[in-house]
Each structure stands twice: as structure tokens, then as C-alpha cells.
Amino acid sequence: MSNAPFPTIHPPTRILMGPGPSVMEPSVLNAMGRPTLGHLDPAFLQIMDELRVMLRLAFRTDNELTMPMSGTGSAGMETVLVNLIEPGDRVLVGICGVFGQRMAEVALRAGAEVVKVEGEWGRALDPDALRKAGAGGSFKALCVVHGETSTGVLQPMEEMRGIADELGALLIMDCVTSLAGVPVEIDKWGVDAAYSGTQKCLSCPPGLSPITFSARAQEVLAKRKTKVASWYLDLTLIGSYWGQERVYHHTAPINGLYGLHEAVRVALEEGLETRWARHRAVSQHLYEGLTEMGLDLRVPAPERLAPLTAVAVPAGADDALVRGALLQNFDLEIGGGLGPMKGNTWRIGLMGAGATRAHVELCLAGLRSALA
Ligand SMILES: *Cc1c(COP(=O)(O)O)cnc(C)c1O
């Protein structure tokens, strides 16, 4: 084996219009290149405090326990479930895509007795199906995915608090793809615990997961009879670092947190309502363009998730060939399908900095060319 020096990397510049990572905000990448501080440096502690305040604004909550976890969106999912579930707890999980399935799997591994309510992929869950499956039972938690990125469906949340109350359950929500792209209202919807990610509508590289816990969820955590099964994700430990005590737990990913600080700052500066309206308007433009090309959208209009559009691969077109041509000729990445949608569906992301008319035009031009 040669010991010749390895060259430094020069990744190509791609336009990321798949299910995430998304088009990055340039100021976020700049922020991540700023000087690394010690994780107990007063200048860093101030950045942490500001970030927590901004995350509360982004989640639309007053929840004291609101902070970013070290790890991607799935680490946020695991944090919420492993901190709230104790072995033997019954958990009702709504599933109509990959991320609902993942929640059920993580809850199971946390020791829950999982009751699954399965819906059609490409449609929202029927609240009555949740009610029916839970009828008469007592549950620790009701878990739903707000923006199901595998299918491009937005789950209406308004009825969920009422259903969770009927079950005596905490309401847990995955808002990885919805946060900062479509309305997320933690307090108004009565959500007890939620997690998100950085690389979708926040346009920040992957690696962190903002979470929020209601006072009720915090109480459930405080009253656990058993220790949280994961040491790394145990909020009773890590909360002491993010709280006033500043007790060392693990070294915070300093530069990643600079990036998230900048990403949330930019989202709040734009204004959440303006940002939601932008995602809605730009996705509408994409729907029209795809429909004009004769392509079929997978999700009925009222249930569409603006940041992620699922479109049927037309008869005669080869899924992988088209995506390959987009990457090769346009430096443009779109996503393929997952599960039952594998091979027959494209997933087009319009997230954060990528949610612009120019990106829609580029994607439509690329598709026209690749399909011709
Ligand atoms: C991307 C995503 C996740 C998982 O996040 P990772 O960052 O890939 O770990 C979870 N839920 C939803 C809805 C997602 O879109």
C-alpha cells in the first residue's frame, strides 16, 4: 500500500431538491466556519442561550425544555421516545410512511407495547381510525408524523390533542420536515413532545435535532421509575448542561450549533408566516408545472406537504435513469421513492433556501429534458 498523501476533497456543487439535505443557506455554512470555542466558554454559553430562545419562537412554544440534540432527526425521535417511554407502556403510533414505521420501531426498542394504526401511503391518517384503535384503552403516548417526507403528506394536527386526551396519552409529533416550512404550532395544538432536524426546511447541514417538551412531558420524565435506557440521549443528564448548572455531559458540536443558530435566526428574520407562504406559493408553482407536463401528483391537493412533492414516474420512463441524468446534466438531485413507492415515485423537495421559483423552473426544465 502506498503512503502517498491523499488529496483534499472537492465535492461538486449540487442543487439539492430531494427529501433532504436541502439547498443550504450560504450564511449558515459561513457561520459554521467561525472559530471553535470551548463548550463552557461564556461566549458559547451566550450562543446556546440565544439558540434556545429562538427555537422556542420557531416551535411556537413557551416550553422551558427546548434545545437541540446532538444527532440527526432520528436522534431527536429516539430522544423523545426513550425519555418518555418505560418498559411495558402502551403507545399508539399512526403509520402511513417510513417515518411512522420508524417511530413504531424506536418505541418498540424503548420497551413499549406498540399498537399500530396503518393508513394508506400517500394519504393522511384518518383521525377516526386512531380513535377506534385506541378506544377503551389507556396509552402512554400517541405518536404522529406531521410531515411524512416519504410520501409528501401533511397530517392535519387539529384533532390530535382531543384524541390523545381520550387515550389519556401524551401527544408526540415528528416535525422534521415541517418546521420552518409549514405552520407548526406546538402550544396551540397541545403537542407534548416534538423533534425536528436541521437539513430540511432550516437549510442547515445535517447533524442536530431541535426538540421541545411540554411541562406535562417534563413531569412524566421526572417521575420515571426506571432510568432512561440511553445514556447519551438522557435529558435528565444533558438538560444539566443546557440548563443553568452547565454540567459537562458530552462535548457540544460547537460549529454545528453555530450553523443552527444562524439557520433559525435567518428563518425568524424572514418571519415564519412569510416563510410558510413562500413554501406554499412555490409548491403551487411546482404542482402547476408538473401537471402541465402531464405528470401525476401522488397526494390529493388538500393533503400535500408543501416542502416535499411526490410525483408518479410516468409510464415508459426509468426512475433511476432520469434521476441520473438530472444529476449528470443539471447537478440537480431529486429523491426516489421508498417502500411501496420505490421505483415509481420521485420526491421533489422545496425546502428553506431551496423553495424559490428559480429552483422550480430549473427542476421542471431538467425533468423535461431528461424525459425527452
Ligand atoms: C428526515 C426525517 C427524519 C429523520 O431524520 P434524519 O436526519 O435522517 O435522521 C425523521 N422524520 C422525518 C419526517 C424526516 O423527514
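## Working around helix α11

What covers the buried residues of α11 includes the strands β12 (332–333) and β14 (345–349) and the helix α12 (357–371). Helices (H or I, at least four residues) and strands (E, at least two) are DSSP runs, numbered from the N terminus.

Before you start: this is a predicted model, so local features need pLDDT of at least 70 and side-chain atom pairs count only at pLDDT 80 or more, while totals for chains, interfaces and linings use all residues. Residues are numbered from 1 along each chain as its sequence is written, and side-chain values use heavy atoms, with hydrogens and water left out.

**Exercise 1.** Work out which side of α11 is buried and which residues sit on the face turned away from it.

*Solution.*
- Step 1: get the length. α11 runs over residues 319–330, twelve in total, and its first and last C-alpha atoms are 16 Å apart, close to the expected 16 Å. That expectation is 1.5 Å times one less than the number of residues.
- Step 2: pick out the buried residues, which are Asp319, Val322 and Leu326. They share one side of α11, because their arc around the axis is only 80°. The arc is taken over directions from the helix axis to the C-beta atoms. Buried means under 20% relative accessible area, exposed over 50%, and partly exposed in between (1.4 Å probe, protein chains only).
- Step 3: flip to the face turned away, where you'll find the exposed Leu321, Gln328 and Asn329.

**Exercise 2.** Describe what happens at each end of α11.

*Solution.*
- Step 1: at the N-terminal end, look at Asp318. A side-chain oxygen of this residue lies 3.1 Å from the backbone nitrogen of Ala320, capping the helix.
- Step 2: just past the helix, check Asp331, whose phi is positive at about 50°.

**Exercise 3.** Find which residues touch Thr149, and say whether Thr149 is buried or exposed.

*Solution.*
- Step 1: locate Thr149 in the loop joining β6 (147–148) and β7 (153–154).
- Step 2: read its relative accessible area, 3%, so Thr149 is buried.
- Step 3: list the contacts (heavy atoms within 4.5 Å). Leaving out residues up to four places away in sequence, Thr149 touches Pro19, Phe99, Thr177, Lys200, Leu305, Leu308, Arg347 and Met351.

**Exercise 4.** Go through the loops and pick up some backbone oddities at Pro21, Ser203 and Arg246.

*Solution.*
- Step 1: Pro21 is in the loop between β1 (15–16) and α1 (26–32). The peptide bond leading from Gly20 into Pro21 is cis, with omega near 5°.
- Step 2: Ser203 isn't a glycine, yet its phi is positive, near 55°. You'll find Ser203 between β9 (193–195) and β10 (208–213), and at 0% relative accessible area it is buried.
- Step 3: Arg246 also has a positive phi, about 55°, without being a glycine. Arg246 belongs to the loop between α8 (235–242) and α9 (254–270), and it counts as buried at 14% relative accessibility.

**Exercise 5.** Zoom out: how compact is the protein chain?

*Solution.*
- Step 1: take stock of the elements, twelve helices and 14 strands.
- Step 2: compare the radius of gyration, 21 Å, with the 21 Å from the globule rule for 372 residues; they are close, so the chain is as compact as a globular protein of that length. The radius is taken over C-alpha atoms, and the rule is 2.2 Å times the number of residues to the power 0.38.
- Step 3: add the burial figure, 57% of the 372 residues.
- Step 4: finish with sequence range. Of the contacts with a separation of 6 or more, 72% join residues 24 or more positions apart.

Key: A polar contact is a pair of N or O atoms within 3.5 Å; within protein, one must be able to donate a hydrogen and the other to accept it, and residues adjacent in sequence count only if both atoms are side-chain atoms.
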